[in-house]
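Subject: Structure handover

Hello,

Here is the structure I promised to pass on. Please open it alongside these notes.

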Amino acid sequence: MTLSLRVFPLSHHDILQRLPELSEILVNSVNGGASVSFMLPFHPDKAVAFWQKIAHSVAANERVVLAAELGDGTLVGTVQLITDLPENQPHRAEVAKLLVHSRGRRQGIARRLMSALEQEAVAQAKSVLILDTATGSGAEDFYQQCGWQKAGEIPRYALMPDGEMTATSVYYKFV
């Protein structure tokens, strides 16, 4: 059975209209232990504020937010391409906040989001993508399977949502 999934960019207006769904994805991810810049306890109000900020960044053409939507219209995942970088890096973009709700995991949604993100990067004349993720996480295996190259690790880079210190692995990919 093939998953009915549509991946598409969200406008500033789309983000504000879909705040409850986007916030649920973020809350589910953080409460599930994802290292995506937030700490526990994580309240939905913090997720709403985050997405409102991201909506303004989209409106300012600083980033692209891609969403994954099931055939029934439910959002199950997002990823961001940050394009607002210094003028000496017009060829580069950063990948942030690959989030898939727990009900949509292990169905190829993250891979579809990353594939669409790479296509968006190419359309915007970006040839070098970078991202970071918690060292030792399942995300590392995923990114490597998607063709990303590990550039190195930074010890004691961030805290996991539960407060535990973690190293971060930096990855790049040429597209």
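Helix 3 lies across strand 1, strand 2, strand 3 and strand 4. It runs at about 120° to strand 2. Helix 4 (residues 109-123) also packs on the sheet. Helix 4 touches strand 1, strand 2, strand 3, strand 4, strand 5 (128-134) and strand 7 (165-174). Its direction makes about 30° with that of strand 3. Please keep in mind that this is a predicted model.

Now the sheet itself. It is open and has 7 strands, in the order 1-2-3-4-5-7-6, with mixed pairing. Strand 1 and strand 6 (149-159) are the edge strands, each pairing on one side only. From one strand to the next, the twist averages 25°. Strand 2 (residues 63-70) pairs with strand 3 in the antiparallel sense, over 7 bridges. To find the pairing on screen, start at Val-65: its bridge partner in strand 3 is Gln-80.

Next, a residue on strand 1: Val-7. Is Val-7 buried or exposed? Neither: with a relative accessible area of 24%, Val-7 counts as partly exposed, because buried means under 20% and exposed over 50%. Val-7 touches Leu-66, Ala-67, Ala-68, Arg-112, Leu-113 and Ala-116, leaving aside residues up to four places away in sequence. Take Leu-113 from that list. Val-7 and Leu-113 are 106 residues apart along the chain, yet their C-alpha atoms are separated by 6.6 Å.

Then helix 2. Helix 2 has 13 residues. From its first C-alpha to its last it reaches 18 Å, close to the 18 Å expected at 1.5 Å a residue. Its buried residues are Leu-19, Leu-22, Ser-23, Ile-25, Leu-26, Val-27, Asn-28, Ser-29 and Val-30. Their cover includes strand 1 (5-10), helix 1 (12-17), helix 3, strand 3 (75-82) and strand 4 (92-100). Just after helix 2 comes Gly-33, with a positive phi of about 100°.

Last, how do two helices meet? The axes of helix 2 (residues 19-31) and helix 3 (residues 44-59) come within 9 Å and cross at roughly 115°. The crossing is right-handed. On the helix 2 side, the contact uses Leu-19, Leu-22, Ser-23, Leu-26 and Val-27. Helix 3 brings Pro-44, Ala-47, Val-48, Phe-50, Trp-51 and Gln-52. By class, that contact has 9 nonpolar residues, 2 polar and no charged ones.

Best wishes

Methods
Residues are numbered from 1 along each chain as its sequence is written. This is a predicted model: local features need pLDDT of at least 70, side-chain atom pairs count only at pLDDT 80 or more; totals for chains, interfaces and linings use all residues. Side-chain values use heavy atoms; hydrogens and water are left out. Axes are lines fitted to C-alpha atoms, for helices over the stretch in contact, and angles run from 0 to 180 degrees between N-to-C directions. Helices (H or I, at least four residues) and strands (E, at least two) are DSSP runs, numbered from the N terminus. A crossing is left-handed if the near helix is turned anticlockwise from the far one by less than a right angle, and right-handed if clockwise. Contact means heavy atoms within 4.5 Å. Ala, Val, Leu, Ile, Met, Phe, Trp, Tyr, Cys and Pro count as nonpolar, Asp, Glu, Lys and Arg as charged, and the others, Gly among them, as polar. The expected span of a helix is 1.5 Å times one less than its number of residues. Buried means under 20% relative accessible area, exposed over 50%, partly exposed in between (1.4 Å probe, protein chains only). Two strands pair if DSSP finds at least two bridges between them.
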